[in-house]
Amino acid sequence: DFGDTLTLLPGAKLALDVSGPFAMASGPVHDNLVLKAVAELRASRSGLKVGHFLLEKNIPVAAGLGGGSADAAAALRLLARLNHMAHDDARLASAALRVGADLPVCLTSQPCVMTGIGEQHSAPLDLPQLWAVLVNPGVLLATRDVFARFTVADTGAKPMGSIPHMQDALIDFLKQHDNDLTPSAIACEPAVGNVLMTLRAVPGV
């Protein structure tokens with residue numbers, strides 16, 4: 001029950017309207033990743049049918065949640081459906097990667113381990129359902145700034161190994177393997193650290 005919603009109304013003219021609680025924070029429409037994804041696919045697929053995109057923006061912007069990337073990947077899936085392209089068409093993945101390193105994983109939309117800057121994926125994982133608490137301190141934090149502060153010393157010392165498939169075992173696994181970008185994110189924005197500290201003090205979290 002959480003997420004952005006992207007709708008495509010087929011038509012001759014390409015357009016994008018953004019609504020929702022985070023529409024204003026999304027920036028200029030012409031810079032939106034949805035339109036950038038369309039442009040990249042158009043460059044490799046002649047005669048691409050497009051239309052009017054309606055984006056309801058419910059995911060906070062610049063929050064490290066991949067909302068914009070997921071929107072762009074959704075646009076590629078909608079265009080693939082409209083243009084009778086197979087979901088594994090290489091042009092879709094290529095267009096996704098040209099827009100951003102984390103778009104391909106959003107395009108396939110399957111759980112996996114992401115490494116590198118997000119462009120390297122493991123085989124799909126069979127994960128149990130997990131509940132999550134989402135807390136956003138209301139500050140913008142650009143991914144590029146977090147990577148700029150990242151150092152190799154921030155990486156976890158423990159090898160990943162195999163990913164557990166049972167809920168309790170997976171939760172224990174996640175406790176042992178933090179996000180390597182967390183220290184640099186906190187260095188850029190201390191509010192992130194305050195949120196994590198508060199959550200860790202909550203019983204059952």
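In this predicted model, Ala15 stands opposite His52, a residue of strand 3. The two strands concerned, strand 2 and strand 3 (residues 50–56), run in the parallel sense and are paired over five bridges.

This pairing belongs to a wider arrangement. Three strands make up an open sheet, in the order 1-3-2, and its pairing is mixed. The edges are occupied by strand 1 (5–11) and strand 2 (15–19); each has a single partner strand, so one side of each lacks a neighbour in the sheet. On average, and with direction ignored, neighbouring strands of this sheet are turned by 15° against each other.

Two helices pack on the sheet. Helix 1 (residues 33–44) touches strand 1, strand 2 and strand 3, and the direction of helix 1 makes about 155° with that of strand 3. Helix 2 (residues 67–82) touches strand 1 and strand 3; here the direction of the helix makes about 35° with that of strand 1.

The surface of the model offers a further feature. Phe2, Leu65 and Leu134 together form a nonpolar patch there, with about 290 Å² of accessible area between them. Of these residues, Leu134 may be followed in detail: Leu134 lies in the loop that runs between strand 5 (120–121) and helix 5 (143–149). Is Leu134 to be counted as buried, exposed or partly exposed? Its relative accessibility is 47%. Because buried means under 20% and exposed means over 50%, Leu134 counts as partly exposed.

Definitions and conventions:
Residues numbered from 1 in each chain as written. Predicted model: local features only at pLDDT ≥ 70, side-chain atom pairs only at ≥ 80, totals over all residues. Heavy atoms only, no water. Patch = residues over 30% accessible without salt bridge, like charges linked within 9 Å, V, L, I, M, F, W, Y side chains within 5 Å. Areas by Shrake-Rupley, 256 points an atom, 1.4 Å probe, with all protein chains shown as cover. Salt bridge = Lys/Arg side-chain N within 4 Å of Asp/Glu carboxyl O. Helix = DSSP H or I, 4+ residues; strand = E, 2+ residues; numbered from the N terminus. Buried < 20%, exposed > 50% of the residue type's maximum accessible area, 1.4 Å probe, protein only. Pairing = 2+ DSSP bridges. Axes fitted to C-alpha atoms, helices over the stretch in contact; angles between N-to-C directions. Contact = heavy atoms within 4.5 Å.
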